[in-house]
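Me: I'm new to reading protein models and would like to go through one step by step. Can you put it up so we can talk about it?

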Amino acid sequence: MGKLVRDRIPEIMTSAGLRPDTRILDSDAYLDSLLEKLVEEAEELRDADASHRLEEAADVLEVFTALLDNLGYSLAEVAEAATVKRHKRGGFSQRIWLEG
């Protein structure tokens, strides 16, 4: 089973003497793969130790940015929607945990 990889990974693999087997995804498969990759990268961020969190957060942002582009949204549009929602329902800064 394969996975979505960064654009230069096949080139890097080839430079290392490997022969990557790749294909270009159609639109539906690309969207599905981006959504799966976002979960994968979020899990890696969750599991990372403090010294790797910045790198893992960058991976989450890279996938999220590609996903937004695919969906036709800009980061500014999503930030504005988040601001509106924060004003209506609040953010997460107060660390409130709702029990059962």
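Me: Let's start with the second largest pocket: how do the residues of its lining divide into nonpolar, polar and charged?
Reply: Keep in mind that this is a predicted model. The lining is made up of Lys85, Arg89, Gly90, Gly91, Phe92, Ser93, Gln94, Arg95 and Ile96. Glycine is put with the polar residues in this scheme. Sorted by class, the lining comes to 2 nonpolar, 4 polar and 3 charged.

Me: And what volume does the second largest pocket have?
Reply: Its lining includes Phe92 and Ile96. The computed volume for this second largest pocket is about 240 Å³.

Me: How much space lies in the largest pocket, and which residues are closest to its centre?
Reply: The space in the largest pocket comes to about 1,200 Å³. It is lined by 30 residues, and the ones closest to its centre are Lys3, Leu4, Val5, Arg6 and Leu25.

Me: Which element gives the most residues to the lining of the largest pocket?
Reply: Sorted by class, that lining has 14 nonpolar, 3 polar and 13 charged residues. The elements giving two or more residues to it are α1 (9–15), α2 (27–47) and α3 (53–71). The top contributor, with 10 residues, is α2.

Me: Let's look at α3. How far does it reach from its first C-alpha to its last?
Reply: α3 has 19 residues. At 1.5 Å a residue you'd expect 27 Å, and the model comes out close to that: the reach is 27 Å.

Me: Which elements do the buried residues of α3 pack against?
Reply: The buried residues in α3 are Glu56, Asp59, Val60, Val63, Leu67 and Leu68. A helix has 3.6 residues a turn, so residues three or four places apart point the same way. The buried residues of α3 pack against α2 and α4.

Me: Is Asp59 buried or exposed?
Reply: Asp59 sits in helix α3. Leaving out residues up to four places away in sequence, it touches Arg6 and Glu41. Its relative accessible area is 16%, and the cut-off is under 20%, so Asp59 counts as buried.

Me: What happens to the backbone just after α3?
Reply: The residue to look at there is Gly72. Gly72 takes a positive phi, with a value of about 85 degrees.

Me: Now the loop between α2 and α3: which side chains does the side chain of Asp49 make polar contacts with?
Reply: Asp49 lies in that loop. One polar contact, at 2.7 Å, goes to the side chain of Ser51. Another, at 2.8 Å, goes to the side chain of His52. So the names you're after, by these two contacts, are Ser51 and His52.

Me: Is Asp49 buried, partly exposed or exposed?
Reply: Its C-alpha is 27 Å from that of Glu99, 50 residues apart along the chain. For accessibility, the value for Asp49 is 42%. Partly exposed runs between 20% and 50%, so Asp49 is partly exposed.

Me: What distance separates the C-alpha atoms of His52 and Lys88?
Reply: His52 is also in the loop between α2 and α3, and at 39% relative accessibility it is partly exposed. Its side chain makes a polar contact with the side chain of Ser51 at 3.2 Å. His52 and Lys88 are 36 residues apart along the chain, and their C-alpha atoms are separated by 34 Å.

Me: How many residues does helix α4 have?
Reply: α4 covers residues 75–89 and reaches 21 Å from its first C-alpha to its last, close to the 21 Å expected. Just after it, Gly90 takes a positive phi of about 90 degrees. The residue count for α4 is 15.

Me: What is the phi of Arg95?
Reply: Arg95 belongs to the segment after α4. With 77% relative accessibility, it counts as exposed because the cut-off is over 50%. Arg95 is not a glycine, yet its phi is positive, at about 60 degrees.

Me: Last one: is Ser93 buried or exposed?
Reply: Ser93 is found in the segment after α4. Its C-alpha lies 23 Å from that of Leu38, 55 residues apart along the chain. The relative accessibility of Ser93 is 69%, and the cut-off is over 50%, so Ser93 is exposed.

Technical notes
Residues are numbered from 1 along each chain as its sequence is written. This is a predicted model: local features need pLDDT of at least 70, side-chain atom pairs count only at pLDDT 80 or more; totals for chains, interfaces and linings use all residues. Side-chain values use heavy atoms; hydrogens and water are left out. On a 1 Å grid over the protein atoms alone, a cavity is a set of points where a 1.4 Å probe fits but cannot get out, and a pocket is an open set with protein on both sides within 12 Å along at least five of seven lines; lining residues have an atom within 4 Å of a point. Grid points are joined across faces, edges and corners, and a volume is the space filled by probe spheres set on the points. Helices (H or I, at least four residues) and strands (E, at least two) are DSSP runs, numbered from the N terminus. The expected span of a helix is 1.5 Å times one less than its number of residues. Buried means under 20% relative accessible area, exposed over 50%, partly exposed in between (1.4 Å probe, protein chains only). Contact means heavy atoms within 4.5 Å. A polar contact is a pair of N or O atoms within 3.5 Å; within protein, one must be able to donate a hydrogen and the other to accept it, and residues adjacent in sequence count only if both atoms are side-chain atoms.
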